[in-house]
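This report examines selected residues and one pocket of a single protein chain. Please consult the sequence and the structure shown below while reading.

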Amino acid sequence: MKPSIYGLTRQQLLDWVLEQGEQKFRADQIWDWLYTKRVQRFEEMSNLSKALLERLEDAFILNPLKQRIVQESADGTVKYLFELPDGMLIETVLMRQHYGLSVCVTTQVGCNIGCTFCASGLIKKQRDLNAGEIVSQIMLVQKYFDDRGLGERVSHVVVMGIGEPFDNYKNVLNFLRTVNDDKGLAIGARHITVSTSGLAHKIKEFANEGIQVNLAVSLHAPNNDLRSSIMKINRAFPLEKLFEAIDYYIKTTNRRVTFEYIMLNQVNDGIEQAEELAALLKNIKKLSYVNLIPYNPVTEHDQYSRSPRERVMAFYDTLKKNGINCVIRQEHGTDIDAACGQLRSNTMKKDAAKAAVAQA
């Protein structure tokens, strides 16, 4: 399978153009066709020579993804199930926010982090997505709006879909550089957030990249015993190592870190845990922010349930009393397969059932 041209950063595209014996400005023309005019076929690039178009056709494809399912929520959330060239499935989610259109992208097929409450990890990691497959998610969501002639554009990106972004570091970095490029989609760095479950060594590496995107850390527990019981990544990177890396990130970038905290009833949502969390963040509270997330139940993880509102509010009030910046995340898409990975998992079950019937 030929690679997607979306997998090239602008510098990589320039290098390819020069290797073809073409002049430098041709790279800018191609980039403009891809990300400003957003053509669907190389032949639409009308100011390129026939020979260059043929070389593009020989070397690349445009979008490698095929749309399988689109679910639209009453609140404007849209969940997409895309099929990759090898037949594997991934999810992408569009959320309407008061500040614009935000897209949550997937970076891996499956996930090996093994969080015990998460639908994404129900199917183990099968492979990384390449940069072109990640960029293509944004391009297909943007096409969804272009085709409707609404004049809307994707303005924000969260790298929080299926998979651990820092376990696919190089491809994610190329994706970030592509969507942030000011001559293309021009999604501002401060409108992009990358979430990690806590790969401490990669947080330090990311701090040195000079990319001014936002960092979110999936924390979900304020002590090692509890965090290790629900997130096996904590066994490799316990809170001491994780917060050493976070301190390095903050000192290097002077940027705020968001901590994601899923509220699990009678597991991590008590006043005691809130006090522990406040103490954990005490020294960085001016450059930290806690995002309290309502839990979307997953059938396979029926040991967990959503925290009732009174427990969430008590937790929130305790953090605020201790001077911790926090918010309760607004919910999106609760009337569709809301949990990350749920649409993919449910579709795979249905496909397997159909295949079994067909073989019977």
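## Surroundings of F117

In this predicted model, F117 touches a set of residues distant from it in sequence: H220, I230, M231, I262, L264, Y295, V298, H301 and Y304, with residues up to four places away not counted. F117 itself lies in the loop between β5 (108-109) and β6 (127-128). Its relative accessible area is 5%, and F117 is therefore classed as buried, the limit for that class being under 20%.

Separation in sequence and separation in space can be set side by side for this residue. F117 and L14 are 103 residues apart along the chain, and their C-alpha atoms are 44 Å apart.

## Annotated binding-site cysteines

An unreviewed UniProt entry carries the annotation "binding site" for C111, C115 and C118. Where in the fold is C111 found? C111 is in the loop between β5 and β6, and C115 lies in the loop between β5 and β6 as well. F117 is also placed in that loop.

Is C111 buried or exposed? C111 has 8% relative accessibility and so counts as buried. C115, at 15% relative accessibility, likewise counts as buried, because the value is under 20%.

The contacts of the two cysteines can be listed with neighbours within four places in sequence left aside. C111 is in contact with S120, G121, I123, K124, K125, G163 and E164. For C115, the contacts are I230, M231 and H301. I230, M231 and H301 are also among the residues touched by F117.

## Annotated domain and active site

For "domain: Radical SAM core", the unreviewed UniProt entry lists residues 97-329. Over residues 97-329, helix accounts for 36% of the chain and strand for 18%. The C-alpha atoms at the two ends of this range are 11 Å apart.

The annotation "active site", also from an unreviewed UniProt entry, covers E91 and C340. E91 is placed in strand β3, which spans residues 89-97. With a relative accessible area of 3%, E91 is buried.

## The second largest pocket

The second largest pocket has a volume of about 150 Å³. Which residues line the second largest pocket? The lining consists of P3, S4, G7, L8, Q12, F60, N130, A131, G132, K170, N171 and N174. By class, this lining contains four nonpolar, seven polar and one charged residues.

Two helices, α4 (131-146) and α5 (169-180), each supply at least two lining residues. The greatest contribution comes from α5, with three residues. In terms of domains, the lining draws at least three residues from each of domain 1 (5-59) and domain 2 (63-184).

## V135 in helix α4

V135 is located in helix α4, one of the helices that contribute to the lining of the second largest pocket. The relative accessible area of V135 is 0%, and the residue is therefore buried.

With neighbours within four places in sequence left aside, V135 is in contact with Y6, Y35, F175 and T178. V135 and T9 are 126 residues apart in sequence, while the distance between their C-alpha atoms is 10 Å.

## Positive phi outside glycine

Two residues other than glycine deserve a check of their backbone angles. N254 has a positive phi of about 55° although it is not a glycine. N254 is found in the loop between α9 (239-253) and β10 (257-263). Its relative accessibility is 59%, so N254 counts as exposed, a class that begins over 50%.

Q266 also has a positive phi, near 65°, and is a residue other than glycine. The place of Q266 is in the loop between β10 and α10 (271-280). At 58% relative accessibility, Q266 counts as exposed.

Methods:
Residues numbered from 1 in each chain as written. Predicted model: local features only at pLDDT ≥ 70, side-chain atom pairs only at ≥ 80, totals over all residues. Heavy atoms only, no water. 1 Å grid on protein atoms, 1.4 Å probe; cavity = no way out; pocket = protein on both sides within 12 Å on 5 of 7 lines; lining within 4 Å. Points joined across faces, edges and corners; volume = space filled by probe spheres on them. Helix = DSSP H or I, 4+ residues; strand = E, 2+ residues; numbered from the N terminus. Nonpolar A, V, L, I, M, F, W, Y, C, P; charged D, E, K, R; others polar. Domains from an automatic or database assignment. UniProt positions renumbered as here; feature names shortened; annotations may be inferred. Buried < 20%, exposed > 50% of the residue type's maximum accessible area, 1.4 Å probe, protein only. Contact = heavy atoms within 4.5 Å.
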